[in-house]
Amino acid sequence: VQLQASGGGLVQAGGSLRLSCAASGYTFSRSNMAWFRQAPGKEREFVAAVSRSGGTTRYADSVKGRFTISRENAKKTIYLQMDSLKPEDTAVYYCAGDSRAILTSPLRSDPTFYDYWGQGTLVTVSS
């Protein structure tokens with residue numbers, strides 16, 4: 001089971017980035033997926049989650065209206081489109097999978113519910 005995140009980089013405030021997370025080795029289409037982030041000296045925090053079908057999403061209040069999570073099950077990939085970036089969005093971004101989710105499972109913001117994690121990709125937003 002592997003998750004490979006990519007797409008991070010340096011961007012100016014107000015700019016955009018698109019993160020990708022490619023999965024291999026497990027049944028991606030049956031997993032709820034999410035993005036978390038961790039800034040230096042801070043705890044890991046929930047950013048966004050998407051259901052197995054892609055039909056339901058959930059966002060942290062801090063990114064609502066600026067970030068969009070999506071997935072392509074045929075490509076075993078999820079995305080995080082980040083617009084109107086702010087310096088406070090600077091963090092390492094991690095993708096995660098909840099392979100134990102069933103069809104009626106809610107989208108979790110608690111990282112302990114996610115059993116598969118990518119290695120992280122750094123996003124730096126300059127002011």
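1. K76 is partly exposed, with a relative accessible area of 34%. In this predicted model, K76 sits in the loop between β7 (67-72) and β8 (77-82). Its phi is positive, near 50 degrees, and K76 is a residue other than glycine. The backbone at K76 is worth a look for that reason.

2. S84 also belongs on the list of backbone points. S84 is not a glycine, yet its phi is positive at about 50 degrees. S84 is placed in the loop between β8 and β9 (91-98). With a relative accessibility of 42%, S84 counts as partly exposed, because that class covers values between the 20% limit for buried and the 50% limit for exposed.

3. G54 is in the loop between β5 (45-50) and β6 (57-59). Its relative accessibility is 33%, which puts G54 among the partly exposed residues. The C-alpha atom of G54 is 8.0 Å from that of E72, and the two residues are 18 apart along the chain.

4. Turning to the aromatic side chains, the structure contains 4 aromatic pairs. One of them joins F36 and Y114 in an edge-to-face arrangement, with 5.3 Å centre to centre and 75 degrees between the planes. F36 is part of strand β4 (residues 32-38), while Y114 lies in the loop between β9 and β10 (116-117), so this pair ties together parts that are 78 residues apart in sequence. F36 and Y114 are both buried.

5. F36 also pairs with W117, and here the geometry is tilted: the centres are 5.1 Å apart and the planes make an angle of 50 degrees. Since F36 lies in strand β4 and W117 in strand β10, the pair links parts that are 81 residues apart in sequence. What is the relative accessibility of F36? The value for F36 is 0%, so F36 counts as buried. W117, by contrast, is partly exposed, with a relative accessible area of 28%.

6. The pairs around F36 belong to a wider group: F36, F46, Y114 and W117 form one aromatic cluster. R44 should be read together with this cluster, as R44 lies over the face of W117, at 4.7 Å from the ring centre.

7. A further contact of a charge with a ring involves R108 and F113. The charged end of R108 sits over the ring of F113, at 4.1 Å from the ring centre.

Terms used. Residues are numbered from 1 along each chain as its sequence is written. This is a predicted model: local features need pLDDT of at least 70, side-chain atom pairs count only at pLDDT 80 or more; totals for chains, interfaces and linings use all residues. Side-chain values use heavy atoms; hydrogens and water are left out. Helices (H or I, at least four residues) and strands (E, at least two) are DSSP runs, numbered from the N terminus. Buried means under 20% relative accessible area, exposed over 50%, partly exposed in between (1.4 Å probe, protein chains only). Rings of Phe, Tyr and Trp (its six-membered ring) pair if their centres lie within 6.5 Å; planes under 30 degrees apart count as stacked, over 60 as edge-to-face and the rest as tilted. A charge sits over a ring if NZ of Lys or CZ of Arg is within 6 Å of the ring centre and within 35 degrees of the ring normal.
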